[in-house]
Amino acid sequence: MLSEDVRLDHRIIAGVVEAGSKILDLGCGNGDLMYLLAREKSARVQGIELDEAAIYECVKKGLSVIHGDIEEGLREYPDASFDDVILNQSIQQVRKVDEVFEQALRIGRRIIVGFPNFAHLGARSMLFFRGTSPMTKSLPYRWNDTPNVRFLSVTDFKRFCVEHALRILESHYLGGTKEVRFWPNLLAKDALFVLAKP
Amino acid sequence: MTKKGHPVGVVETQYLTFAGGAEPLRLESGKTLGPVRLAYETYGHLNEDRSNAILVLHALSADAHAAGHFKGSRDPGWWDAMIGPGKAFDTDLYFVICSNVIGGCKGSTGPSSLNLKTGKPYGLEFPIITIGDMVEAQRHLIDFLGIDQLLCVVGGSMGGMQALQWAAGCPKRVRAVIPIATALKNSPQQIAFNEVVRQSIMADPTWREGNYYDYGQPERGLAIARMLGHITFMSDQSMEEKFSRRLKNGNYSFKFGADFEVESYLRYRGDNFVKRFDANSYLYVTKALDYFDVSNGRLVGSNGCERIRFLVISFKSDWLYPPYQSQEIVKELKRKACDVTYCEIASTYGHDAFLLEVKEQTNLIRPFLDKTFHGYEVAEYAV
């Protein structure tokens with residue numbers, strides 16, 4: 001059992017990943033998740049990250065990481081190169097969403113995707129009562145400085161999966177500190193799906 | 001342990017002579033060369049199981065003197081900031097070898113060396129050398145030093161090509177490769193620059209078809225060739241910062257003298273180069289750059305990466321070997337499911353950045369070597 005100090009989404013992903021898996025983490029940031037998976041699950045991890053400062057953090061942790069854009073960086077990988085392709089908290093910053101999912105499914109057996117739920121109660125109430133763009137813990141940016149270009153809800157994403165023939169193997173809905181059981185599109189701050197080909 | 005950042009100290013260039021007599025070095029061109037002398041330096045100590053050796057390879061006009069200083073001199077080697085106790089290539093931990101190249105003029109056999117058959121310098125009798133031939137000569141050195149497998153092969157620019165050639169030609173003999181500011185092959189633009197460099201030398205009448213050794217270097221041609229080189233090593237921004245439009249004497253001379261600082265800088269660099277580099281060597285070495293090509297699957301064989309780890313580094317403002325060429329290396333490695341780390345350092349120094357961006361490169365290289373040395377589980381995902 002992983003310590004409560006570890007981020008909830010990272011704990012869930014570590015539970016989903018099978019030991020010894022080959023993992024590609026798209027938008028891997030400072031490599032915390034990859035490091036966790038390498039250490040706890042003996043996973044063989046590789047990351048892609050756009051931010052130069054984050055590259056140094058990853059390399060410092062002994063991780064292999066490629067400095068670049070995930071939208072351009074997937075085509076060269078051979079089919080079925082990875083067990084899991086992870087898109088944790090990065091899909092909302094991707095423009096070519098369809099293409100990234102298509103490539104991720106081609107090179108990975110499963111996709112693990114995590115994103116902030118735009119239809120969470122807190123976000124809805126900011127919009128409804130204050131009439132302002134939502135700013136929450138999961139969506140911490142002001143409208144003018146957000147790196148996010150996609151704003152999606154749990155329901156949006158489920159529909160996307162149906163339209164793109166993505167099979168949902170697992171779904172996890174995250175409150176602040178634990179998983180949410182009911183009305184995820186209203187109560188989940190973040191959502192995490194494990195997807196595969198039909 | 002020596003103190004962090006402590007210099008390497010006094011060093012001496014050493015020489016290995018081989019391929020004399022019945023077995024000359026077979027070159028890619030089909031010709032042979034022998035005997036062959038190779039200049040090299042070493043720093044630090046080889047450990048008991050001979051697993052801590054790092055081979056450093058230099059760019060076009062550099063030499064085996066990468067770190068420390070010679071007795072009686074204070075001039076540090078060309079990568080002294082990167083090699084030494086506590087530095088990127090930590091000589092407290094690793095045995096660092098820097099090898100010169102054949103075809104050059106810095107102590108290894110090249111066109112200015114004596115041809116034993118004629119008793120005169122080779123000149124253009126010297127066979128065309130490829131990057132593969134340079135590496136083949138270095139392989140003799142590594143054999144001689146008793147090292148089966150190098151922990152790492154590293155180099156910038158032409159040194160990066162040699163590092164890639166090591167991976168392509170002797171994959172079982174390297175555990176990690178660090179190609180910096182380099183390419184799988186020269187682009188037409190790079191070949192074009194090299195051709196202007198060569199034409200500039202050959203157009204100088206004092207070049208005398210390469211037989212100038214009794215008379216002195218073709219100074220003008222070689223200096224102009226080097227001036228062109230220096231333009232390509234810097235970036236627009238670094239030139240702006242270094243020179244701007246500053247005038248040497250405050251006013252326009254209304255003559256063709258060196259009015260601008262950038263002009264006198266290039267003249268100084270060109271004239272200085274004539275004193276330290278052989279014109280024919282410049283022809284041979286640039287030709288080797290142009291012939292190099294490990295694209296189209298030649299970098300990594302069908303067996304995959306043989307567990308080699310790669311750290312590919314490029315610099316944003318490098319327009320001589322732009323980041324896209326390093327990305328081509330990365331793409332090639334992705335196709336073969338190799339373990340690769342890539343970083344494009346946001347430097348403004350242009351191609352020269354690999355000599356200047358010490359902190360960023362150290363932050364990448366030190367932990368990368370550490371992981372490689374201490375047995376990293378290589379990501380060998382299936383093809």
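**Entry 1: where the two chains meet**

I began with a pair of helices from the two chains of this predicted model, and I found that helix α3 of chain A, residues 52-60, packs against helix α10 of chain B, residues 358-373, with the axes 8 Å apart and an angle of about 20° between them. Since angles under 35 degrees count as roughly parallel, I noted α3(A) as roughly parallel to α10(B). I then looked up the handedness of the crossing of α3(A) and α10(B), and I recorded it as left-handed.

Which residues make the contact between α3(A) and α10(B)? From α3(A) I listed A:Tyr56, A:Val59 and A:Lys60, and from α10(B) I listed B:Asn363, B:Leu364, B:Pro367 and B:Phe368. When I sorted the residues of this contact by character, I wrote down five nonpolar, one polar and one charged.

**Entry 2: chain B as a whole**

I turned next to chain B, whose secondary structure I entered as 10 helices and 12 strands. Its radius of gyration is 21 Å, close to the 21 Å that the globule rule gives for 383 residues, and therefore I noted chain B as being as compact as a globular protein of that length. For its extent along the principal axes, I wrote that the C-alpha atoms of chain B fill a box of roughly 65 × 50 × 45 Å.

**Entry 3: burial and contacts in chain B**

What percentage of the 383 residues in chain B is buried? I recorded 51%. I also looked at the contacts in chain B with a separation of 6 or more, and I found that 73% of them are accounted for by residues 24 or more positions apart.

Conventions
Residues are numbered from 1 along each chain as its sequence is written. Chains are lettered from A and ligands numbered from 1 in the order in which they are written. This is a predicted model: local features need pLDDT of at least 70, side-chain atom pairs count only at pLDDT 80 or more; totals for chains, interfaces and linings use all residues. Helices (H or I, at least four residues) and strands (E, at least two) are DSSP runs, numbered from the N terminus. The radius of gyration is taken over C-alpha atoms; the globule rule is 2.2 Å times the number of residues to the power 0.38. A residue is buried if 20 or more other C-beta atoms lie within 10 Å of its own, exposed if 12 or fewer, and partly exposed in between; C-beta atoms are placed from the backbone. Two residues are in contact if their C-beta atoms, placed from the backbone, lie within 7 Å. Axes are lines fitted to C-alpha atoms, for helices over the stretch in contact, and angles run from 0 to 180 degrees between N-to-C directions. Angles under 35 degrees count as roughly parallel, over 145 as roughly antiparallel, 65 to 115 as roughly perpendicular and the rest as oblique. A crossing is left-handed if the near helix is turned anticlockwise from the far one by less than a right angle, and right-handed if clockwise. Ala, Val, Leu, Ile, Met, Phe, Trp, Tyr, Cys and Pro count as nonpolar, Asp, Glu, Lys and Arg as charged, and the others, Gly among them, as polar.
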